[in-house]
Each structure stands twice: as C-alpha cells, then as structure tokens.
Amino acid sequence: MAEGIARAKSVSVKDVARLAGVSEQTVSRTVHDSPSVRPETKERVRAAMRELGYRPNFAGRSLRRGKFKTVGVVMFNIAGTGNIDRLEGFSKAADKHGYAITLTGLEAPYTLEEASRRMAGLPVDGMVVIMNRMPADFGTFEPLAGMQTVLVTMLEHPACSTVDNDQAGCSRMVVEHLLAHGHKTVHFISCPTRSLSGMRREQGWKEALSAHGIAAPRLIRGDWTARSGYDAGVALADDPTCTAVYASNDAMAYGCVKGLESRGRRVPDDVSVVGVDDSLGEFVPDLALTTVRFDNRRVGAWAVDKIAGASDAVEHVLFPGELIERETVRDLR
C-alpha cells in the first residue's frame, strides 16, 4: 500500500502521456476537457490516469485559468434551522457551475476579517458567510482583492453582496394576516437578542403594529425552545386582551399552544397562534400550526451563483416568505 501511495504521488503528466501513447499537451487538454481531443483519446488518457493514480495539479490549473472552481462557506451551526437547506442550495448551485464547496466553521465572537483571512489560505474563488450573529467589523470590513464575498444576512453592506429571507417582511405579513382576521393586537414571543434574524422579526412586528396606530404589547423573550414557548403561553393565558400570538419560530409557537391549553385556553377558539420556519412537519403528526415558510435553498443557490458568475456588482436581495395557512388562526370578524 505504501509503495502504491508513493508511486501515485510521483506520477507526472509525462508518465500519463507515455502510458496512453499521446503527447503531454493531449493529456493537459483532456484534463481541461477540451473539445479538440477525440472522445476515444480522452478515454484512453483517463484510463491511464486511473491506472497510475494520477491527479491533476489543481493549484497549477488555477494559476493558468484564474479559477479554483471552489466556493468557501463559513457557518457556525450546521444543524441550525435552515442551514441544512442552505447547504443543499450551495451544493446544487455549485454542481451546476462545475464548482465544489469547502466548508469551515467559526466560533462567536468573530470578525469578517478573520473569516476572510482563513479562507485566503484555502484554494477558493470566493466565500459565503452565513451571518447568524453580528461580526464586530461588519461596518468596516473590506473583502480581500480576488476574494468575492457574499454575506447571508438581511443587512446591506457597502462592499459585499448580501442575500437572505425577508425577516422583517415575514413579521409584517403575519401581523397583517392576524389584524385582517379581526384581532385588535398581536402579542409576540421573541428570541435571544444575539440573533440577527430574530431581532429583524421583532422589528417587523413593532413596525407593522405601529403602521396601524397600535402600541406593541409587552413582548416575551424566549430562547428558541418549545419550553420557553410553553412558559410564554402559560403567562399569556391570563391576559384577557390576548387573542393572537406570533412566535419567532415554530418550536416556540408549538410550545405556546401547549402552554395556553394547559391553562384552559383553546387554540384557535380562544387564541390564534402563528410561527415561523415551517420546521415541525417531520416531527409533529397532523401539524395544524399556521406558519411562514422560507426557501433557504434559494438563498444558498443565489450566493453561489453570484460568486460563480464573477460579477463585481454589489447587490442586496431579500426573498419573501410564504404564509402557510393551517388551523391555528380564527377569524374574529
């Protein structure tokens, strides 16, 4: 085995050319999939590569062609809501362009400069940062020359393209939906203040109520878990003005339903409840929760398309959510 590995490491283009009975230039053209090489010749060259264990020198290719054909992705928590779908979007878009994905993680607190410096040491053409939390240098960061950077965030950046789901618009849509069904106000279960998307949802909730001249009720801050939603539901059950609750994610919304019911309040007969992210379908049978669904695959694909397209234009894109109406909203009109 060791002998085979050593032999594979020392294999050159000249060795492949000799075994295949072609010129070194033909081997190079086959590696680049040039249409000038006949299919039967390509197959002979590739068979020689497989037999010898030859791998093209991608660093050398990138110097000649100016491309590594790889996008770097920086994220904090792969298992976080929406991140698996974003990764699928990255992967499918990369495959479409003939690219690969290099994934790395960072711990908070972090800076974009740190992420960029780490990626600069890897063979990537650009990087995507899933910005779940605010980096200290967001306002001052300048991407490295030749390192196109896309930030997955709802915030605009002067030097980097940004893309995300419309978090504030999601809240406005939910509030408008509940008010249109005759509710006088909408109570809100928020999330930890470190969450950028959660804070944007909180802002959208306040703005939507204010646009109707409605003072926002005292919000309850949860921690994304169903347990915190349950505690919020128990607390809200004693408030006679509470006929509608909007929670910043589905887990808290589901917990809220159970908390309300534990105190004798029925959903939706007494209180309507809406969540965000449509993430419980695989865990809760006969899911009745009204929620907002985001297309995180679309977000991931847009980010990779932007880098693979090599456009220098700075863009800011927000994709709207889709209201999924089920059975936890009652019409009071």
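A salt bridge, as the term is used here, is a side-chain nitrogen of Lys or Arg that lies within 4 Å of a carboxyl oxygen of Asp or Glu. By that criterion the structure, which is a predicted model, holds 20 salt bridges.

## Overall form

The chain has twelve helices and twelve strands. Its radius of gyration is 26 Å, well over the 20 Å that the globule rule gives for 333 residues, so the chain is more spread out than a compact globule. Taken along the principal axes, the box filled by the C-alpha atoms comes to roughly 85 × 45 × 35 Å. Of the 333 residues in the chain, 49% are buried, and the accessible surface amounts to about 16,600 Å², with 50% of that area belonging to carbon and sulfur atoms. When contacts between residues at least 6 apart in sequence are considered, 68% of them join residues that are at least 24 apart.

## A four-stranded sheet

One element of the fold is an open sheet of four strands, arranged in the order β7-β6-β8-β9 with parallel pairing. The edges are taken by β7 (220-221) and β9 (272-274), each of which has a single partner strand, so one side of each is left without a neighbour in the sheet. Strand β6 (residues 187-190) pairs with strand β8 (residues 244-247) in the parallel sense, over three bridges. In β8, Y246 is the residue that stands opposite F188.

## Salt bridges

Side chains of opposite charge can pair when their charged atoms come close. The table sets out some of the salt bridges, with the distance between nitrogen and oxygen for each pair.

| Pair | N to O distance |
|---|---|
| K206 and E202 | 3.6 Å |
| D270 and R266 | 3.2 Å |
| K306 and E315 | 2.7 Å |

Where do K206 and E202 sit in relation to each other in helix α9? These two residues are four apart in helix α9 (residues 196-211), and they are therefore separated by about one helical turn. K206 is partly exposed, with a relative accessible area of 41%, whereas E202, at 8% relative accessibility, counts as buried.

In the salt bridge between D270 and R266, D270 is partly exposed at a relative accessible area of 24%, and R266 is also partly exposed, with a value of 49%. For K306 and E315, whose side chains meet in a salt bridge, the lysine K306 counts as buried at 5% relative accessibility, while the glutamate E315 is partly exposed, with a relative accessible area of 34%. Elsewhere, D85, E88, K92 and R297 are joined into one network by salt bridges that share partners.

## Cysteines

A disulfide is a covalent bond between the sulfur atoms of two cysteines. How many disulfides does the structure hold? The number is zero, and the distances around two of the cysteines, C191 and C256, can be set against the cut-off of 2.5 Å between sulfur atoms. For C191, the closest cysteine sulfur is that of C170, at 12 Å, which is too far for a bond. For C256, the closest cysteine sulfur belongs to C242 and lies 7.0 Å away, again too far for a bond. C191 is buried, with a relative accessible area of 0%, and C256 is likewise buried, with a relative accessible area of 0%.

Terms used:
Residues are numbered from 1 along each chain as its sequence is written. This is a predicted model: local features need pLDDT of at least 70, side-chain atom pairs count only at pLDDT 80 or more; totals for chains, interfaces and linings use all residues. Side-chain values use heavy atoms; hydrogens and water are left out. Buried means under 20% relative accessible area, exposed over 50%, partly exposed in between (1.4 Å probe, protein chains only). The radius of gyration is taken over C-alpha atoms; the globule rule is 2.2 Å times the number of residues to the power 0.38. Contact means heavy atoms within 4.5 Å. Accessible areas come from the Shrake-Rupley method with a 1.4 Å probe; for residues, only the protein chains shown count as cover. Two strands pair if DSSP finds at least two bridges between them.
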